[in-house]
Structure formats: C-alpha cells, structure tokens
Number of protein chains: 2
Amino acid sequence: MTVETTIAGTTDTESPEMLVARIARDGRAAQRVLARLSDARKAEALRAAAAALREAEGPILEANALDIAAGEAKGLTGALLDRLRLDPARLEGIAHGLEQVAALPDPVGQVIERTERPNGLQLSRVRIPIGLIGIIYESRPNVTADAAALCLRSGNAVLLRGGSEALHSNRAIQAAMAKGLESVGIPAAAIQLVPTQDRAVVGAMLTAAGLIDMIVPRGGKSLVARVQADARVPVLAHLDGICHTYVHAAADPEMARSVALNAKMRRTGICGAMETLLLDTQFPGSRDVVTSLLDAGCELRGDARARALDPRILPATEEDWDTEYLDAVLSVAVVDGLDAALDHIAAHSSHHTDAIITADEDVAERFLAEADSAIVMVNASSQFADGGEFGLGAEIGIATGRLHARGPVALEGLTTYKWQVRGNGQARP
Amino acid sequence: MTVETTIAGTTDTESPEMLVARIARDGRAAQRVLARLSDARKAEALRAAAAALREAEGPILEANALDIAAGEAKGLTGALLDRLRLDPARLEGIAHGLEQVAALPDPVGQVIERTERPNGLQLSRVRIPIGLIGIIYESRPNVTADAAALCLRSGNAVLLRGGSEALHSNRAIQAAMAKGLESVGIPAAAIQLVPTQDRAVVGAMLTAAGLIDMIVPRGGKSLVARVQADARVPVLAHLDGICHTYVHAAADPEMARSVALNAKMRRTGICGAMETLLLDTQFPGSRDVVTSLLDAGCELRGDARARALDPRILPATEEDWDTEYLDAVLSVAVVDGLDAALDHIAAHSSHHTDAIITADEDVAERFLAEADSAIVMVNASSQFADGGEFGLGAEIGIATGRLHARGPVALEGLTTYKWQVRGNGQARP
C-alpha cells in the first residue's frame, strides 16, 4: 500500500468518475451557500480559516515532515524539497495571506453596466461567482491555501488536486481551513481536496463538464499541456512565458541597461522573466547592455550580429528563440527597427508579456497597439507581470489564452456575470 | 462528383488540416490589418460590403436558385426551403443589416480600466479583437453576412463554414462581401468561406488551436453538441433554451396571464420562448393563465395539480421538464413557493433565461439573485432574451456557458483585452 492510498475518502467500488461526481456535487451544494454570502461573511470565513491554520500548526508541520521524509526517500532535489517544506514562519505567511485576501474588495454583486430600454425594461449586468473551480497543481503546499482563499473570496467552491509529494501537507491545510469555515457556519465542502492521488481522477475532473465549471492548472509545462489537451471543462491556463524586451533606437541607454538587467536577472525562474532581448541595430548602447548581463553571470546566446557585440556570446540555434529558459540564460538578436522586432515577437512570443524600451512616444504607442500579448509594456521590466504588482492583491495565475480573462487573473477573473432584467409586465410586441 | 466538390479551392493532395491551416493563416494575416483599422475604416468596409451585396443581387439570387433547386430535389421541407430562400427584399434586408452593424459603436480600443501604481507604472486594460473566429452554421444564408459583419466590426477575421444546403448562396454572399472589402483596400481574406463541404474540415477547424481563436456554432442541438464535444479551440455556444416562468403567489393575475401568453406564444420557435410554466399553489389566477394558453392553441402537459386546473391539460412525463419544445407545447407544474420554484429551475433549466412574475419586491430580488441563469427576469416575457431587445444592436448568439460572455453576445463578446503598462524605466525591486 502506497502513501497515497492510506488517505481516507475512496472506496474500492467507486470509479474515478463516480468519485469526482460525488465530491463535485458536495462542492456545488456548498457553492450555492457561498453565492449568497455577504462580503463580510466571506471575509469572516477567510479570517476563521487563517485562525484555524495557526491553531493547527502542530498537525500541519507533522504532516509536512511526512512529505519531506517521503521526498528525501524518493530522492527529490534540494530545490523541490525547499518548495515543499513548511516551517512556522512559512505557515504564518500562508495564514497572513488568507487575511490579506479577506481584505480585498468583493467582486460579487458588482454592477458592470446598467441600462434602461425605451420599453421601460431595466437591465443590469451583475458579477456572480463562476461556481465550482478545479485547481490541479504540483508540489507547493501553499497553493492549497492561496487558491482556496481566492476561490472562496469570490464565492466559488474549490476542488483541489495537488501533487502527491505534498499530499499530507495539503490534506492537513485543507482540513484546517475546512474546520475554520465550519466554525463560522459555512459548509466545509466549499474547500475540498481530492482524496486520492489516482491519476485517473485528474482525467475525470477534466471531463466533468456540468459538474466543474472551470479548471485552473498551476504547474509546469507538461501538466498544463496535458490539461489543455484533455479538458472538456473550460481551462484558464498559462503556458510558457517567452517574454521579449525590444530596445529601440531611441531608448535611453542607461534605462535600457538597467531594465534589461532587471527583466532577466532579478529572478530568472518566474514566468515574467525576459527570455529574449531584441536590440535595435540603430541603438547605440547595445554593447553596454550585453556586457552588463554577461557580467551579472547571464549566459547569452545570440545571432551573428549580436555575437559581434561581445565574444562571450554563444551562438543561438533556431530553438533558442522558442525557449523559456527560466534560468540565467538569454537569447539575443539584433533587429532592423520596430517592424522587424514586432515580426520576431509575433513569430516567437508566447503572448505572456512583451516590452519595449524607447523614448519615442509614437513608437511606444505602436508597440503597445501591435504587440499581441496579454501584457505589453513600455519602459518597464517584464518582471512586473504579476497580480500583486498590478494591484490585484493576489493572482491565481497569468492567463495567456484570449478568452475570459487575460494576464494576471485575480478575483474578477474568478467571476462571471448574469443579466438581470426588471420589468413591470412587458410583453414583446 | 457532388455539388459540393465543384467548388474551387481544394486540391486532391491537401488534407483537411492543411486546408484549414492554409486559410487560417490567410485569415490571421488579414486580421492583423483589421486590428489596426480605425472605427471609421471598419464602418466604411461594412458599407462597402453592403453596396457590393446590392450590386451582386443577380449572381446571389441565381446561386440561391441553385440551392433551392437542389433542396427541392433532396426533398427539404417547406420550412427549410423558406429559411434557405433569398429574394430581393431579403437581400436588401441583409445589406441594410450590414449598414446597421456599421453604425454600432466600435468596442475596440475602449479602456476598461486605468490605474496608476505607487511606483508610477500606468496600467490600462484595453479592448482588442479576439483574432480569427470560426463560425459553423446550418442552412440560413443570412448568417453568412450577419456573422461576418459582427466579426469585422469588432476587428476579427472570420472563417465561415455553412451548411451544404446553402453553399452556392453562401459562396455568392461571401464573394460579394470580400469584393466590397477589397474595393476599400481591406484584404478579402478577412471574410473567408471554407471552400469544401468535406465534414473532416469541421473536425480540422475544431482542433485548430493556435490558428483559430474561437468557434461559434450556430444551429441545432446536434451541431452544437458535436462542436462542444470535439473542440480543442474555445467555443462560445448556446445549447437549449429551456426557459421557465414562475408565477408567484403575489403576481398580478392579468400581468401573469399576458406575460405568460407572450412568453410562450409570440414566437414558439425561438430560444427565449418559455418551455415550462411554474404556478405557485397560492397564486389565485392560475386557471385564467392556463385557459388563456389553451385557448390560444397551446398544448399543455402538466403534473397532477396542474391538470386539476383544466381537463384539457395532458399528463406530463419526467422527460417533459427537460424538453425544449420550440413549438406550441408547454409543460406546467404547480409549486409550493419560491424555494420549490428555484429548486425546479435549478434541476431543469438550461441556464438561458428564467423569469418570475410577482409584485413582491423581496421575492423578486431573491429570484434575481438565486436563479442561476445567464438572464433572469422579473415581470417580463422571456421572449425579450435577445441582443437587439437588450440594446446591443445585434447578436451572434446567446451564450449559456459561464466563461467569457454570457447571455446575448454582440460586439463586446467578440473582443478580449490586453494590459498596457507605461513606465519610465521602472525595475522591479
């Protein structure tokens, strides 16, 4: 018997589809309660969940120790073990995060537009929760609490399916939060964790149209790609962040240097990190920009004209232009003007975040209009591509698709709307 | 050789996937031009397309005559032939429709929100076109022009795949519109028609992720269900309109009678038509409501308590509560109060449009909040569920899903947004 199957909640005779249907029905019933809660009640629920997390510090850290021990036995890398590990400070951070989400404005009930028709019908478009949201994620146990909090704040129930490495931790966090909800009279089923690591359950979640309203995958490329390929339920996903920074001829050289350095090297492992630098052939400061990056320890892979700037630049292959390194590696090309830069971006961008550095406002506005990415920037580091930096308070992910929500997705992206029509007996002629 | 394969545009060696990739690439190239057009230029393009349709009246009506002759030979019903048939008045209606869409406000470029962050970054969320939209539809040739016009107005290119019955008509309409676009310098590939009726091409469209940005199916249940089941591209679909009207105890009896009659009988074949009437056991005017419907020629199928109201009411089966009749047939149930009505609606509604008739404002507000449909109404006929009636100018469909757009979808539903960030050299700390 593996670690996974010791978790209660499944029976031998229940298929993955039956399991998902059962817990989804519980989640949907809980969501109908959430949908009617006031702003204050939802905030109270999150504060109660935070308090319950603090109270359960002992059991949560014990559960986490089991995961860490299992991870060490499995030979997980130090980096993975670090992402998995909880300690009192990290747990306090998670609990405090719930309180911060509690303090965010409630999007539910917001009137998006209101009109009155000539026949006297009054129309309002009003924000409502989406319903039951499935989150499929990998090893970090804080996602359990963060994602559940954003769903709850926006009136959605959540079905969490975390990675097997963090199962005990996730289970302990979910149990504490559910207990917190119950302490203020809110159904525990608002926050559920899939009780088995059977991979077939992921398949059952992805095809549970009508039971699960939206799936958010959070994790690596292969997880997201599998979810996108197999899902029958709408998916809010971000794939790669192949982010470009184009340094225009009219860029301020010092700004170009400092912004490019920050966009690449501040944190290389985040999806908003620059992966390709496009240097305009007319920009006089290119050598300083690449020197600064090389001196900071970044590996550069360039086309022929870029390599002429510094002998330390390695040759780039075609594959480099389509690679998200998430590391101190950068591809560099020299381009002939704005149109060539836009063409390169159109061919290779993952439509996450692309930026231009320029002092020419007309060029900046053309770039903002024509670069077709979820986030387009002028004279700023692409590392600002983040819900917190955008003032959204938190984010459940950065969506690179085109429908529903794009870019950093926070509470509003977890809502939909309904049309309310108020009449006084109107019949349609 | 069938009629279908006489249409030019495919070659023997091109697979359906290759065909879709080729025309999608042409469409995407045209869309990049559309995305940059001003409001005035897009309006000009639509007026030019309208003029070209009028000019091509001869060829279009000749093409339509071929479709009608083929339909008669195939034994199509009179109703289907009528939907297929064009005449000078109908064609003028189509051309005038394009001019009306030209007069609608352009959603592209609209700033949804604008904020400035403490670090000086200026953020705007700006509406942009979705990209290349695939429309898969059935026999009515007017959809060719209507759908293309809405896509063009919102800066999207369109790939049309109509029904085989209307192929010659669709081809003539698309050719005229494309000619109109070209006459004002806009690429004809902005409006393309799939050049073959090979059903495998529909499959290739549905899986063309990255080439087609959104699919809108317009047609019967089986078409929409197939699209939803097979699509890898996001779908904006409406399935059934199983619309309820609940007559509450405190409803004005005459209002209840007239609104219910209109909701069912004004036009029985539209998706906003009432399909189930819920009569509160405490409502005193139930007999008048059912008498009025029966006298107007509607067949009523009721539960035991409803049948006690009039001997002409037939017994309803379980299936009736889940049936969209689109005909002069109505299921009728007597319910015990608001909660029972909401439970019935939660169990059987298709989340299109549900209405309540009541003079009690608290009850009305509870219904508006708790009935979970795209459109919820108080004291109005569900037949108002229509983009035109909502003041949206036109609609591409009524979406019953939960993400992106809900209810009547018009120009705004054919757009997405990007985040524009304007800085002055900010690096993220």
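This is a chat about how chains A and B of a predicted model fit together.

Student: Before we start, what should I know about the numbering and about how the model is handled?

Tutor: Residues are numbered from 1 along each chain as its sequence is written, while chains are lettered from A and ligands numbered from 1 in the order in which they are written. The model is predicted, with local features needing pLDDT of at least 70 and side-chain atom pairs counting only at pLDDT 80 or more, whereas totals for chains, interfaces and linings use all residues; side-chain values use heavy atoms, with hydrogens and water left out.

Student: Okay, how many residues does each chain bring to the contact?

Tutor: Chain B gives 68 residues and chain A gives 67 residues, where contact means heavy atoms within 4.5 Å.

Student: And what area is buried there?

Tutor: About 5,600 Å² is buried between chain B and chain A, and carbon and sulfur atoms give 49% of that; buried area is the accessible area (1.4 Å probe) that two parts lose on being put together, summed over both. On the chain B side, B:Leu403, B:Trp419 and B:Arg428 supply 15% of the area that this chain buries against chain A, more than any other three residues.

Student: How many salt bridges are there between the chains?

Tutor: Between chain B and chain A the count is 8 salt bridges, each being a side-chain nitrogen of Lys or Arg within 4 Å of a carboxyl oxygen of Asp or Glu. B:Glu389 forms a salt bridge with A:Arg428, with the closest N and O atoms 3.4 Å apart.

Student: Which element gives the largest share of chain B's side?

Tutor: That is β16(B), with 11 residues; helices (H or I, at least four residues) and strands (E, at least two) are DSSP runs, numbered from the N terminus. By class, the side of chain B that touches chain A has 32 nonpolar, 17 polar and 19 charged residues, where Ala, Val, Leu, Ile, Met, Phe, Trp, Tyr, Cys and Pro count as nonpolar, Asp, Glu, Lys and Arg as charged, and the others, Gly among them, as polar.

Student: Does β16(B) run parallel or antiparallel to strand β13 of chain A?

Tutor: They run parallel, and 5 bridges join β16(B) to strand β13 (residues 375–380) of chain A; two strands pair if DSSP finds at least two bridges between them. Within that pairing, A:Met377 stands opposite B:Val421.

Student: What about the sheet of 10 strands, what's its order?

Tutor: The sheet is open with mixed pairing, and the order is β1(A)-β2(A)-β16(A)-β13(B)-β12(B)-β7(B)-β8(B)-β11(B)-β9(B)-β10(B). At the edges stand β1 (111–116) of chain A and β10 (314–315) of chain B, each with a single partner strand, so one side of each is left without a neighbour in the sheet.

Student: How is β1(A) joined to β2 of chain A?

Tutor: The two run antiparallel and are joined by 5 bridges, and A:Glu113 has A:Arg125 in β2(A) as its bridge partner. Their hairpin has 5 residues between the strands, and A:Gly120 there takes a positive phi near 90°.

Student: New topic: which residue meets A:Arg305 in a salt bridge?

Tutor: Its partner is A:Asp336, at 3.0 Å from N to O. This pair links distant parts of the chain, 31 residues apart, with A:Arg305 in helix α12 (residues 304–307) and A:Asp336 in the loop between β11 (329–335) and α13 (337–348) of chain A.
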